[in-house]
Amino acid sequence: MVGKRHSVVAGLEQSVGESRRERRNCARSALGLARRVLANPLFSLLMGLLTVYALLGDDARVVCFQTEHDAYFNMATIASLLIFTIEIVLSSMVKDDYFLGFWFLADIFASASLIFDLTFVSEYMMGYPEISVNNLSLNKDASAVGATEYARASRSARVGTRVARLLRVVRLVRLSRIIRCFQCVLESLRLSKPADPSVVVPGDAADIGQQAESRVGRKLSERTTQRLIMLVLTMLIGIPPLHPGDYITMMTNSAQYGANVIFQAWRDYEVAALSNSTPGKLLRRKRIDWEVQVLTYIFYHNECSDGGNGTCLEPWLYKLCWIGYVKKQSGDTLGTSINVTNEGYIQVLGTGQEWDALSSNHSMRHIIRRVPQDVQSALAQPWAHDCSESNAVVHGVSLLRGMPCPRASLRKQETIWFTPVVHQSAFFEQYMEGQFVFVFDVRSLIEWEAILGMVQTVFVVIVLAIGALLFSRDVDKLVLLPIERMISKVETIRHDPLYAIRLGDLQFQDDRRRLGVHRASIPMLMKRKGKHRDRSSASKKQATMETKILENAIIKLGSLLALGFGEAGSEIIGQNLDDDNATVNAMIPGHKVEAIYGFCNIRNFTTTTEVLQEKTMVFVNQVAEIVHRIVHEHLGAANKNVGEAFLLVWRIGLYDQELRPKVADLAVMSFVQVVAELSRNRQLAEYRGHPALLARLPNFRVSLGFGLHLGWSIEGAIGSEFKIDASYLSPHVNAVGRLEAATAEYGVTILMSEPLVRSCNLQFSRHFRPVDHVRLQGSNLPTRLFTVDLHYEILTVESALSEKRRKSLNRYQERELREQLKVSLLQRSYQVHDVFDSDKDVRRMRERFFVDFFQEFEKGYLNYEAGEWDVAAKVLCRTKTMLRSVRSSEDGPSCRLLDYMRSFGNEAPSGWPGWRELKQK
């Protein structure tokens, strides 16, 4: 039972774990899909187009389309609302700090504002008034029937319009998307634009490339855009309610005034008609007066009317499109009232005779002639076309062709209506069965308002875009750009710590360009800078931005790190800069590398130190400058300075297989060049005449011993958290030190191991002479030793003119030239053996080593390895003195081999393997 229970529990746990994994996989898949959708260029383009539609679509609908197209716009608006909702959901899933943030709420409100673009929603909210005269109980002044009917309705519509407009203003939040797209375009143009060296900001360099926007810059840009949008929205929402336009619109306009005049004329006519004592001629005159007022009203509110002097009044007036009556639904009028529907039309003037008579009247001539014939015919018939609305029975006549009921054919906001103001409500209620209604077509005003709305939107887009750029310009220039340059430099140092020194060169070039020095030397630049040193320190601090100080500090610290750690410490610097925390972990694990190791040591250094005392540092640095510079020019790197000794490294494993022989050749050639430079340098030549040195070391001259070896090592940090050195550890590194120590024993300047010689090109290695076959102390395998014969004492010191020419370039220009030289060294056209054969200093140092000498020594050496020591001794005795006529000493390798063979009586020991143990003190 217990076993079954355990198996059941295990099965449940397994199923729960599988379901959890499935849910996690589904969540990862959903997040990945959301990221792909949001990052898709087509989706971004779609959202941009929908944003433009959300901003301009409703106004474009009013300007360019008719009422029958509103249904398509409603569908497009609903689809846009759904897509915006999907975007908000996907962004909430993927983007950090988006959900419940500013942009989340802004997108929510902006998307929700699209609801008010739906025509049925906007018409409901606007509260466009229906034609009616039955709301008298709501009037405060009962004696003025209809006096506030339209005013109250229009105020309600204006309030609804204002609320909808304010809600639509919130949609401008989506302008941030366009602004961000605009900023991205500018950023891409800035990044793709090639750097102009004449306008490079000091401290920034074209070699580094244009840096991408930092997280700080992106955050500050978003904050600036947020505040700018909120400022514009506050102005757009807060200023309109403070405008006194509502009070101005309460004044009586021409449409209302004309309606009042028409009603007054009708009232006079109806009073006369109800009176039995009114003469027929007077009654006809009053009828004609009413009809004239109607015609005058129609004329002055027609498509284009003038006041008799050729001035078109149409831009300033509403356009009358329908005239008729609205009946009261309460049947409390007297039976003697006139049937307005059947009687209220142009009866008297409708006859052709009356029209002609009226046309002869000078004051009415221009009015009658301007009324179209079809309109005259429609006005002369009963205004009985039914245009009833939900709350009123309405009859009348349309002045628009093909549109009998304009309010039914046009949008609600495209028409407004007026009813006359009635000051004697008792007469109206008892004797009037309805009221006149005048409907005006305001499509041109609505279209103009929509056009201005689009212009306003575009203007706000431009203002926000330019404002966001201008507001952040100073911050970008003074803070963000320096910070981004610093980040770029730190990133560059992180990827390639040794490039930090190059940053200092670029900084110097920028400063020189800023000061207008194009080909000046350091003294000229310092002379110009010296003018500024006369100022006080406070002035200098005030003139230099703190960001500039930090930027320079980063460059200096990076350069010091590169100089202090060298190539071996680049991994330490890079890994520590990769971390976001401030903890330094210098004791990182090392890694195996393949490299060429060079070791050189200043000879007679102990005596030199005792003589020079405090000037020893100057002496060592003079030698180090030559060694490091030439090695660096030949693709090597200085690793360690140990008093009088220097460890140099060529990371041959970083190069392709076909380039490795050339790198080995360059390593050997660099030591040959160092030997020549040590003999020709004027500063080091001065030590040959130093009295104290000559007293201790006759015929003193600066000389070094060199060792070269190829092998593996472990590159990393050596030490503890208190002090570390970035260097290399392996038996091969120790072997190169022993090779250098053996140069004094063999009387040569350079000793190379067989693995290094085998890695060189044959055309170059033929110049090397094998001098012995030994097993170095600490090594398991024997190796042949090779040397490059150089008679450096024969070289003369360089002239003062050559020294001046060499020093005419400043260190930054020299480093730039070295970088160019290093690139050219790897070209196929550059061959080290050709340079070795053609270099005048090398040829002079080797001109006294003739072919017979090399052939004779090779014969003796081969017999030495073969165990034929008696033959070898005879041959080497000859080579020992073959160079006596041209050198002050005997051949060192010949002497060393002879001494070793004599210790065995010139007979090879039994079982001679062809090599010997090299024992060193």
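**A walk through three spots in the model**

Let's begin with a pair of helices: the axes of helix 37 (residues 869-882) and helix 38 (residues 892-902) come within 9 Å and cross at roughly 145°. Keep in mind as you look around that this is a predicted model. The angle and the distance are both worth having, because two packed helices are described by the angle between their axes and the distance between the axes. The crossing of helix 37 with helix 38 is left-handed.

Now zoom in on the side chains and backbone that bring this pair together. From helix 37 come Trp869, Ala872, Ala873, Leu876, Cys877, Thr879 and Lys880, and they meet Ser894, Cys895, Leu897, Leu898, Tyr900, Met901 and Arg902 of helix 38. Sorted by character, the residues of this contact are 10 nonpolar, two polar and two charged.

Next, travel to a pair of strands. Strand 7 (residues 637-642) runs antiparallel to strand 8 (residues 645-650), and the two pair over five bridges. To find your place in this pairing, look for Lys640, which stands opposite Leu647 in strand 8. The hairpin formed by strand 7 and strand 8 has two residues between the strands, and here Gly643 takes a positive phi near 65°.

Our last stop is a single residue, Thr51, which you will find in helix 2 (residues 41-64). Is Thr51 buried or exposed? Its relative accessible area is 0%, so Thr51 counts as buried, the cut-off being under 20%. The side chain of Thr51 also has a partner in the backbone: it reaches the oxygen of Met47 at 2.7 Å.

Note on methods:
Residues numbered from 1 in each chain as written. Predicted model: local features only at pLDDT ≥ 70, side-chain atom pairs only at ≥ 80, totals over all residues. Heavy atoms only, no water. Helix = DSSP H or I, 4+ residues; strand = E, 2+ residues; numbered from the N terminus. Buried < 20%, exposed > 50% of the residue type's maximum accessible area, 1.4 Å probe, protein only. Polar contact = N/O pair within 3.5 Å; in protein donor to acceptor, adjacent residues only side chain to side chain. Axes fitted to C-alpha atoms, helices over the stretch in contact; angles between N-to-C directions. Left-handed = near helix turned anticlockwise from the far one by under 90°. Contact = heavy atoms within 4.5 Å. Nonpolar A, V, L, I, M, F, W, Y, C, P; charged D, E, K, R; others polar. Pairing = 2+ DSSP bridges.
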